[in-house]
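Dear colleague,

I am passing on the structure we spoke about, and below it you will find my notes on what turned up when I went through it. Please read them with the model open beside you.

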Amino acid sequence: MASADIYFEADGQRSAKPDGAGIRFLLGSLALQNLGRRKARTFLLLAAVAICSGAVFTGAVLMRSIENSMDLGFTRLGADMLIIPEGTLTNITAALLTAEPTDLTLDTSIVDRLAGLKGIRRTAPQLIFRTDLSGYGGRDESVDMIAFDPERDITVQPWLEQRLDRPMRQGDVIVGGRREEAIGAQLLLFGKPLIVYGRLGKTAVGTHERGLFVSFETMDGLRETIRQICGTKAPLEPNKISGVLIELAAGATTRQMRFAILANVPGVKIVGGETMLTSIRQGLTALLDGVLALIVIMFASSAAMVSVLFSAIITERRRELGLLRAIGARRAQIIGMLLTEAAMATAVGGVLGCALGVLLMRSYQHSLVYYLQNLGIPFVWLDTAATGFIAIACILLAAVIGAIGALVPAWRASRAEPYELIRSEG
Amino acid sequence: MLSCGNVGKTYPTERGDVDAVKGIDLEVPRGQFAAIVGRSGSGKSSLMAMIGGLSRPTRGAVRVEDTDIWALPDDRLAQFRNREIGFVFQFASLLPTLRIIDNVALPALLGRPRETKAAYRTAAELLGQLGLSEYVDAYPSEISSGEQRRAVIARALINAPSLLLADEPTSDLDEPTEIEIMDQLRELNRDRGMTLIMVTHNLRLAEQSDRVLHIANGSLVS
């Protein structure tokens, strides 16, 4: 009896599922050979995908490199705004790199309130106090001690010129650009040994050039000793900070944020940043967002192009597909074969595109870096691992785009009746 | 073996619906060699497509053994075609980028994907029986039209179907090759007891069958 059930249920197994290597190999061969059969068309497809992937790869690598460079370059220029206690006197140039030494303080809870405001991208709290009792260098030298949060920091670490080859940790101290301690050396402060983790570059801002920077954890560890030596001083009370440095999000202006902060956080003074620099930073961020949007559009247009191409390819092969259906190929197998073909072609295009991108970037490397450095942006190329990751992502994305592009024509072809496909010319 | 009950096919066109097949009733017993003859456009290929599970009838039912094939879901129908029906088409229906042996093994691999070695062994045996042993590794373009048609017959037989459908199996072949192909089809019908339905417009070929069915304007006339 030729009941259809026997093929699915016999022996309690559904062994007819097409998961064998033989059929996968044959259908894969069909896909590959079809690409080889139409060399000119395959070349055009590969070239189009290669150009697109190459542009995306190059764009992504340059974008990430510029972003990194911007982060470094602009954060060195200082924060956009500084929030300090009402009544504090400030030197605006110095203020945007660090808060000024003062006895007035803010509660640490202000940091989360500021971070919650729309338009603020990053908040970096700092605690600063000046003392001549630290015993620094065995002299009674007045030093500025600045506690900061390495995770949130936007103005200290970008200036690091030398540092130990490890993350900063409790018990470390960063010295200003005019300090002479060797990196890794021990430094006694209030009789406690600290390790010189790094040294800042020269900023021409006194606090930055001669200051000693420690994490809040290190400062907490020193707090009791300092209190015993210096007596009780407001900046050394727990959960107190001297100010918060602020970086604005793209689109937010210092004027808008000034109103927003004063409305939400009373009792503070706001020191505004350099409006032009803020605008440039925000403008460039918006430009990079635009490049990202362009990349998305390019990939979408690639998918549309692949879709059109595969519609033509499938129309040409309707008889072959009808024949496969007639001899027992299931719809999923037909779709799988066509998607494999599209993904293989576009992945190869992606590989070629990335190779093209690397060549292009190597060719223009010197002129690009020179140009950007003339603009005052210290250009930092993305490291090899990150570049490789972007290349792999581009290749995979190209393959996925190919499969997505071919999905609709493949699905439509699989829905057609085998006889309708067989009767087609092809 | 095969039973068609009021099977009809209507194609919608810009100038209105066209009835290609008009409610045909047909019974073909197991092992019979039936020829369906008619002029071009008479509906014979449409009828065969409905019998073979390739084109859904607008009305009526097709039963092969006890299975109402058009009541099956698409995947099961594909599997039914794979196991129970062999096709010999009028066009060169070998996949040009696959070797002859791959073409012949393909239906077996589609149906029983885990039995690759067995599929290729059977394909080689069938090619040997049809005198194509020396062409197993050849590509379709490297062999003659007659040899290609014999390879198509081998492919149709790979899953030992109970029903063989041949649509103009000797079109565009020279006379000696035509005789050779017809001999092979008759032999399969006689020796294997395979039900064979052949569509042709060639009365001389149809006369070699057990039964000749004439179709005109979508209806069986005799």
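Strand β4 of chain A, residues 143–148, is mostly covered in this predicted model, with six of its six residues counted as buried. The covering applies to both faces of β4(A), since A:Val143, A:Met145 and A:Ala147 are buried on one side, while A:Asp144, A:Ile146 and A:Phe148 are buried on the other. Strands of a sheet pair through backbone hydrogen bonds, in either a parallel or an antiparallel sense, and β4(A) offers an example of each. With strand β3 of chain A, residues 120–131, the pairing is antiparallel and extends over six bridges, and here A:Gln126 has A:Phe148 of β4(A) as its bridge partner. With strand β9 of chain A, residues 212–215, β4(A) runs parallel and is joined by four bridges, A:Ala147 standing opposite A:Val214 of β9(A).

As for chain A as a whole, its secondary structure comes to 13 helices and twelve strands, and 41% of its 426 residues count as buried. Among the contacts in chain A with a separation of 6 or more, 80% are between residues 24 or more positions apart.

Turning to chain B, there is an open sheet of six strands with mixed pairing, in the order β6-β7-β8-β3-β9-β10. Its edge strands are β6 (85–88) and β10 (219–220) of chain B, each of which pairs on one side only. Helix α5 of chain B, residues 145–157, packs on this sheet, where it touches β6 and β7 of chain B, and its direction makes about 170° with that of β6(B). Within the sheet, strand β7 (residues 163–167) and strand β8 (residues 195–200) of chain B run parallel and are joined by five bridges, with B:Leu164 opposite B:Leu196 of β8(B).

Finally, the nonpolar cores. The largest has 126 residues, and those with the most contacts inside it are B:Ile36, B:Val104 and B:Ala154, although the largest share of this core, 13 residues, comes from helix α12 (residues 384–415) of chain A. A second, separate core of 48 residues includes A:Leu114, A:Ala124, A:Ala147 and A:Leu222, so that A:Ala147 appears once more, having been noted above as a buried residue of β4(A). If residues up to four places away in sequence are left out, B:Ile36 touches B:Lys44, B:Leu47, B:Met48, B:Ile197, B:Val199, B:Leu213 and B:Ile215.

With best regards

Technical notes. Residues are numbered from 1 along each chain as its sequence is written. Chains are lettered from A and ligands numbered from 1 in the order in which they are written. This is a predicted model: local features need pLDDT of at least 70, side-chain atom pairs count only at pLDDT 80 or more; totals for chains, interfaces and linings use all residues. Helices (H or I, at least four residues) and strands (E, at least two) are DSSP runs, numbered from the N terminus. A residue is buried if 20 or more other C-beta atoms lie within 10 Å of its own, exposed if 12 or fewer, and partly exposed in between; C-beta atoms are placed from the backbone. Two residues are in contact if their C-beta atoms, placed from the backbone, lie within 7 Å. Two strands pair if DSSP finds at least two bridges between them. Axes are lines fitted to C-alpha atoms, for helices over the stretch in contact, and angles run from 0 to 180 degrees between N-to-C directions. A nonpolar core is a set of buried Ala, Val, Leu, Ile, Met, Phe, Trp, Tyr and Cys residues joined through C-beta atoms within 7 Å.
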